[in-house]
Amino acid sequence: MKLRIHDEEEKIFRGKAERLREKRGRFLDMHVLRSLIYSLCSISPGYEHSLYLAGKEYSKKAVKKLKIRDLEQSFMTLSIIFDRTNLGTMKYKIFEEKHLAHVIIEENAISYALGFKRNACHFISGYIAGFLEGIFKGNIIVYEIKCASKGDRWCEFVVKF
Amino acid sequence: MQMVLNKIRTGISGLDEILQGGFPSNSIIAVFGPPGSGKSIFCMQFIDQGLKSGDSCIFLTTDRSPEEIKDIAKDFGWDLSDVIFIDDYSWRSGVESGGKYCIKDPSDLNYLNILIGDILKETRSEKKRIVIDSVSALILYNNPNFAMRFLHIIGAKARLYNSCMLITLESGVHDERAINLVNYIADGAIELDFIEGEGRRLRVLKMSRTKHDIGWKKFEFGKNGIILV
């Protein structure tokens, strides 16, 4: 499968992001993203829900163009997206008979050593849920059980489908 | 006089007057508001008033650990050590809290339903107060239809056991259908808001068996909690 990472973004922002990238370059300082997440989560735990839903809605729209049919391909694509956007290294294990998957993200650019006392990957949890819901149309639940933001070695998610 | 006897005092200075004594007994009250608007403090104050009135108080927390809630409450001079906490938060950290009731799987609403039912049966106070802070997490980590069905069942149980139940919901997070369903389940609804430069405000959107003002009222956090100004 040919995957252009920015296809999904272009679909939502209708070419404007590409024009901006030509002018400003392709990369944004990681601090901006980390500060944003840190600030939102510091204001109120309520933003965790907003971030989860934001991630979910974004990826649900974005995934529509990708022709993915099975679970293995879905998780593989997710890991490519995480790798190419430099968000982190994603590993996964699918337990199809249990309708469950475990996802690990190492060196997560959002949460790694954030020094936060709580989980910080709500956008990513929502992103994974929305990505899979966009493909399989069912209700996908993703929750984070370990997070590098509070000192865990990696971020770990349980995906229920 | 009879009307006052059937009311559950919120403990929030100014709000009980607007509500002619407090929330109706055996009712479900939804508290809406954006993150940071003061929903959790509202709940803690409601629970503190319950303890002072001798009610049994159950607090289902999805966004903070029970220890964090007790710490925040202490800042306002509230001692919540007698509250029965259902910890639906600590599973996220992978470490179980030392509390008696700790949820291991946020998507197992059946277990949560049975657990709340058992606690309601065990508690002997004539009146009970239940807080679910927040329903938003239940909706996000579950099929929204299941979450609503769960609320409906818990609401019925709460009424059966002479309880007043407070549920919080984040504004701007859920679709209109979810908000409408919560509104349908609830007997009363209060909206909190925060406007930059103007401060915090609240309004009573609906309250069964109560004539009330629907206008916005400004409030602030005083030394002993929320005060309407």
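The exercises below, each with a worked solution, concern a predicted model with chains A and B.

Residues are numbered from 1 along each chain as its sequence is written, and chains are lettered from A in the order in which they are written. Because the model is predicted, local features need pLDDT of at least 70 and side-chain atom pairs count only at pLDDT 80 or more, while totals for chains, interfaces and linings use all residues; side-chain values use heavy atoms, with hydrogens and water left out.

**Exercise 1. Overall form of chain B**

Task: State how many helices and strands chain B has, and work out why chain B counts as compact.

Solution: Begin with the inventory, in which chain B has eight helices and twelve strands, where helices (H or I, at least four residues) and strands (E, at least two) are DSSP runs numbered from the N terminus. Next, take the radius of gyration over C-alpha atoms and set it against the globule rule, 2.2 Å times the number of residues to the power 0.38. The radius is 16 Å, close to the 17 Å given by the rule for 229 residues, so chain B is as compact as a globular protein of that length. The C-alpha trace of chain B spans about 40 × 40 × 35 Å along its principal axes. Finally, 56% of the 229 residues of chain B count as buried, that is, under 20% relative accessible area, whereas exposed means over 50% and partly exposed lies in between (1.4 Å probe, protein chains only).

**Exercise 2. The sheet of chain B**

Task: Give the strand order of the open ten-stranded sheet in chain B, and find which strands stand at its edges.

Solution: The order is E6-E5-E4-E7-E8-E3-E9-E10-E11-E12, with mixed pairing; two strands pair if DSSP finds at least two bridges between them. Strands E6 (101-102) and E12 (225-228) of chain B stand at the edges with a single partner strand each, so one side of each has no neighbour in the sheet. Within the sheet, E7 (residues 128-133) and E8 (residues 163-170) of chain B pair in the parallel sense over five bridges, and Val131(B) stands opposite Leu166(B) in E8(B). Helix H4 (residues 66-75) of chain B packs on the sheet by touching strands E4 (56-61) and E5 (84-87), and its direction makes about 135 degrees with that of E5(B). Here contact means heavy atoms within 4.5 Å, and axes are lines fitted to C-alpha atoms, for helices over the stretch in contact, with angles from 0 to 180 degrees between N-to-C directions.

**Exercise 3. The largest core and a buried glutamate**

Task: Which residues have the most contacts inside the largest nonpolar core, and is Glu48(A) buried or exposed?

Solution: A nonpolar core is a set of buried Ala, Val, Leu, Ile, Met, Phe, Trp, Tyr and Cys residues joined through side-chain atoms within 4.5 Å. The largest has 45 residues, and those with the most contacts inside it are Phe75(A), Ile128(A), Phe131(A) and Val159(A). Elements that each supply at least two residues include helix H5 (71-84) of chain A and helix H6 (135-140) of chain B, while the largest share, seven residues, comes from H6(A). Turning to Glu48(A), which lies in helix H4 of chain A, its relative accessibility of 2% makes it buried. Not counting residues up to four places away in sequence, Glu48(A) touches Arg118(A), His122(A) and Arg92(B).

**Exercise 4. Backbone details**

Task: Where is Lys137(A) found, and what is its phi?

Solution: Lys137(A) is found in the loop between H6 and E3 of chain A, and its phi is near 65 degrees, a positive value in a residue other than glycine. With a relative accessible area of 65%, Lys137(A) is exposed.
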